[in-house]
Every structure is written in C-alpha cells, then in structure tokens.
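Got a new structure on the screen and not sure where to look? Let's walk through it together.

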Amino acid sequence: MLGILTGLAKEAEIARRISPLIACSASDPARAERLARDLISQGATAVLSFGIAGGLAPELATGDLVIGTAVSTGATAYACDPDLAARLAAVLPGAVHGDVWGGDVIVDTAAAKARLHRDSGAVIVDLESAAVASAAAEAGLPFGVLRAVADPAAHGLPPAALVGLDSEGRPAIGPVLRALARSPGQLPALIRLGRQSSAAMAALLAAASALGRDLRGVA
C-alpha cells in the first residue's frame with residue numbers, strides 16, 4: 001500500500017485518487033515527521049511526498065511536475081527509490097527529474113531561492129519530503145517525491161502568504177485578511193500566488209488521475 005504525505009488539505013483531496021492512505025501535515029515539519037511514521041505504522045509499504053513546491057531551478061515554470069531523484073536536508077541526502085521514480089515517469093513522461101530540498105522553513109524570497117539552488121543543486125523545495133525520506137529510510141522502505149511547481153524561482157512569497165494554515169491544512173483566512181489590512185500593497189503578489197497555486201494544483205490533479213490505477217497497489 002502506498003502512503004502519501006501532503007502539506008495542504010487540497011493536496012490530500014487530490015492524492016486520494018492515488019491511494020486511500022493519506023496524511024496531511026498542515027505544512028508543519030514536526031507534524032510531518034510524526035505523520036510519515038504513522039503512515040508506515042498503518043501499513044504503508046512505500047511512501048510518497050506529494051503536493052506543490054517552490055521552484056529553485058530558474059528553468060522550471062508554474063505547473064511543471066518534478067519527480068524527485070534525492071532529498072537533501074543539508075546534513076543528509078536520501079536517494080529516492082529508482083523503481084518508484086521509474087513508475088511515476090512511465091505515467092508522467094513530461095515530468096522533470098531532480099533533487100529536492102527538504103526544508104524546515106519556507107524559502108520566501110527569490111534571492112534565497114537562488115542561493116539554495118546554487119549551494120544545493122536542488123530544483124524545488126518543500127516542507128514534507130524530508131520527513132518522508134527520513135521515516136522511509138528508518139523503516140527500510142522505498143519512497144518517492146512528486147511535486148508541482150507553484151511559485152517559480154524568480155518569485156518570492158508575499159508576507160500574507162506566510163501567516164499559516166489551520167489545523168486541517170487549509171488557508172487561515174482571518175490572519176491573511178489582517179495581514180492584507182496592514183499592508184494592502186501586497187495584494188497583487190498574493191493574487192499572483194493564488195493563480196500559481198491553482199495551476200500547480202491542476203497539474204497535480206491531472207497527474208493523480210493518471211497515476212491512480214498504476215500506483216494504488218504499489219508495494
């Protein structure tokens with residue numbers, strides 16, 4: 001059974017097209033670690049980090065799919081399972097292959113993204129892949145990463161996008177509106193990010209629909 005870890009509730013809804021064994025961390029790295037282990041204790045025989053991501057490589061555009069080759073955390077690098085990656089690639093031949101930075105904080109500026117790409121070679125960053133990689137390695141199980149780029153390398157994130165999620169992994173609307181009231185000039189960037197996230201979610205939905213029958217029984 002394939003266990004899938006996401007950061008957002010919307011990602012979890014999409015991931016259910018692939019497997020019924022889903023956990024959503026609400027983009028909390030500490031919670032992601034617990035949930036990745038929980039997926040394994042519930043019977044997952046392989047684990048997938050699934051969702052949207054920040055682009056680090058400048059050639060990646062919003063909506064591009066990325067199949068992870070390895071997950072780096074700075075101290076450790078974990079190789080993604082080549083067989084699982086090959087199964088993803090067989091169904092998603094247009095996906096890019098590259099290393100993933102498993103972050104514990106949001107990379108919110110274009111300058112920070114450029115530095116991270118230069119120093120690590122990673123092509124995307126997210127907050128769940130490190131937990132999946134660590135838990136799978138600890139259990140001796142295969143793992144993979146499938147992500148869709150939302151904000152590309154040249155775009156940072158407006159402060160209103162950083163105020164967090166609720167416990168279900170859905171946007172915290174109240175804090176976002178208060179942040180906008182304090183700094184209304186960030187509204188265009190927030191609208192742009194919303195459109196980018198929607199495009200990335202649409203790419204994930206198409207990928208999940210294609211993958212559903214192929215990966216549901218992965219061992």
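Here come a few questions and answers about a pocket and the nonpolar cores.

This is a predicted model, where local features need pLDDT of at least 70, side-chain atom pairs count only at pLDDT 80 or more, and totals for chains, interfaces and linings use all residues. Residues are numbered from 1 along each chain as its sequence is written, and side-chain values use heavy atoms, with hydrogens and water left out.

Reader: Which helix gives the most to the lining of the second largest pocket?

Author: Helices (H or I, at least four residues) and strands (E, at least two) are DSSP runs, numbered from the N terminus. At least two lining residues each come from helix 2 (29-41), strand 6 (96-102) and helix 5 (129-139). With three residues, the top giver is helix 5.

Reader: Which residues have the most contacts inside the largest nonpolar core?

Author: A nonpolar core joins buried (under 20% relative accessible area, 1.4 Å probe, protein chains only) Ala, Val, Leu, Ile, Met, Phe, Trp, Tyr and Cys residues through side-chain atoms within 4.5 Å. The largest one has 29 residues, and the most contacts inside it belong to Ile4, Phe50, Leu65, Leu146 and Leu204.

Reader: Which element supplies the largest share of this core?

Author: Several elements each supply at least two residues, including strand 1 (2-6), strand 3 (46-55) and helix 7 (187-215). The largest share, seven residues, comes from helix 7.

Reader: How many residues are in the other core?

Author: This other core lies apart from the largest one. Among its members are Leu21, Leu35, Ala44 and Ala133, and its size is 28 residues.

Key
Buried means under 20% relative accessible area, exposed over 50%, partly exposed in between (1.4 Å probe, protein chains only).
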